[in-house]
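Me: Please take a close look at one chain of this model, and tell me how its fold, its charges and its nonpolar interior fit into one picture.

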Amino acid sequence: MQVPILKQGPYLIATVQSALTDDDLKQLRDTLVDQISQVRARGVIVDVTALDVIDSFATRTLRDVAHMIRLRGAETVIVGIQPEVAFSMVKLGLTLEGVATTLDLEEGLRYLQRSGKRKVQEHEGRPHR
Amino acid sequence: MKGALIADELRVSIDSDSDIVSARQKGRELAAQCGFPSTELAVVATAISELARNIVRYAVRGEIVLRLIDNHGGKRGVEVIAADDGPGIPDLTLAMQDGYSTSGSLGLGLPGVRRLMDEFDIVSEFGKGTTVTVRKWKR
């Protein structure tokens, strides 16, 4: 099951539509890391609202996505983790440390816009040599 | 661990990635039949996912058996048996520790499954295989 990836402004939005196998997850990771430079995206949103299970492999892959995208110079937000999924993840001992998460897509976009502005301010605030 | 079978058991053979997904979906459906609330359905499905992945990763193939059970006192629950005839686990104490892994994974599978479920039992014989039996009772 391929995950459709849409470009909206400077962002890539990957919306998971149904359960993903380990191979699907790996493919999503590789595609996102690859596409980020093709479209010169500044941020990536992975919408996992449709996932009813996020197990250790999925968590690790999502974390890898976020860290790889950061190394490529952009930001990632995971949006829409369902309450029962969050419950199971915590019980299992899984965290998404160092990875931004928001309630839904709308909040995710807002997060990326804010973090983009912060970056610009930091850049402009730097003393010139 | 005692419990009587109250419905036909469901067997899912596990030998690829996609079997992990179908095993957890079938487990969720079975637990839903039993009337588990949605939080517990996610818990059961997540536990099955970890157990099935262990089979694919360490034993290549095996089987997940899903059963609805009764504790003779009117309490109902779901039982999951994950069995393989793979290499077995050389050191169970280590394997049950958070963060221990021989495959580069997060090492949360077995100890995590124990935290997710109400009952947990593991039998592993080096060179012969591993059987994990877990249960979740409906509250």
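**A close look at chain B**

Reply: In this predicted model, the mean positions of the 18 positive and the 19 negative charges of chain B lie 5 Å apart. The accessible surface of the chain amounts to about 6300 Å², and carbon and sulfur atoms hold 48% of that area.

Beneath this surface, chain B is built from four helices and six strands, which follow one another from the N terminus in the order β-β-α-α-β-β-α-α-β-β. With a radius of gyration of 14 Å, close to the 14 Å that the globule rule gives for 139 residues, chain B is therefore as compact as a globular protein of that length. Its C-alpha atoms occupy a box of roughly 40 × 30 × 25 Å along the principal axes, and of the contacts in chain B with a separation of 6 or more, 62% join residues 24 or more positions apart.

Buried residues account for 50% of the 139 residues in chain B. In soluble globular proteins, nonpolar side chains tend to be buried together. Here the largest nonpolar core comprises 64 residues, and those with the most contacts inside it are A:Leu32, A:Val46, B:Leu51 and B:Ile64. To this core helix α2 of chain B, residues 38-59, gives the most, namely eight residues.

Leaving aside residues up to four places away in sequence, B:Ile64 touches several residues, including B:Ile48, B:Leu51, B:Ala52 and B:Ile55, as well as B:Leu10, B:Val12, B:Ile14, B:Val80 and B:Ile81. Apart from the largest core lies another, of eight residues, among them A:Tyr11, A:Val77, A:Val79 and A:Leu109.

Notes:
Residues are numbered from 1 along each chain as its sequence is written. Chains are lettered from A and ligands numbered from 1 in the order in which they are written. This is a predicted model: local features need pLDDT of at least 70, side-chain atom pairs count only at pLDDT 80 or more; totals for chains, interfaces and linings use all residues. Side-chain values use heavy atoms; hydrogens and water are left out. Helices (H or I, at least four residues) and strands (E, at least two) are DSSP runs, numbered from the N terminus. The radius of gyration is taken over C-alpha atoms; the globule rule is 2.2 Å times the number of residues to the power 0.38. Buried means under 20% relative accessible area, exposed over 50%, partly exposed in between (1.4 Å probe, protein chains only). Contact means heavy atoms within 4.5 Å. Accessible areas come from the Shrake-Rupley method with a 1.4 Å probe; for residues, only the protein chains shown count as cover. Lys and Arg count as positive and Asp and Glu as negative; His and the chain ends are not counted. The place of a charge is taken as NZ of Lys, CZ of Arg, CG of Asp or CD of Glu. A nonpolar core is a set of buried Ala, Val, Leu, Ile, Met, Phe, Trp, Tyr and Cys residues joined through side-chain atoms within 4.5 Å.
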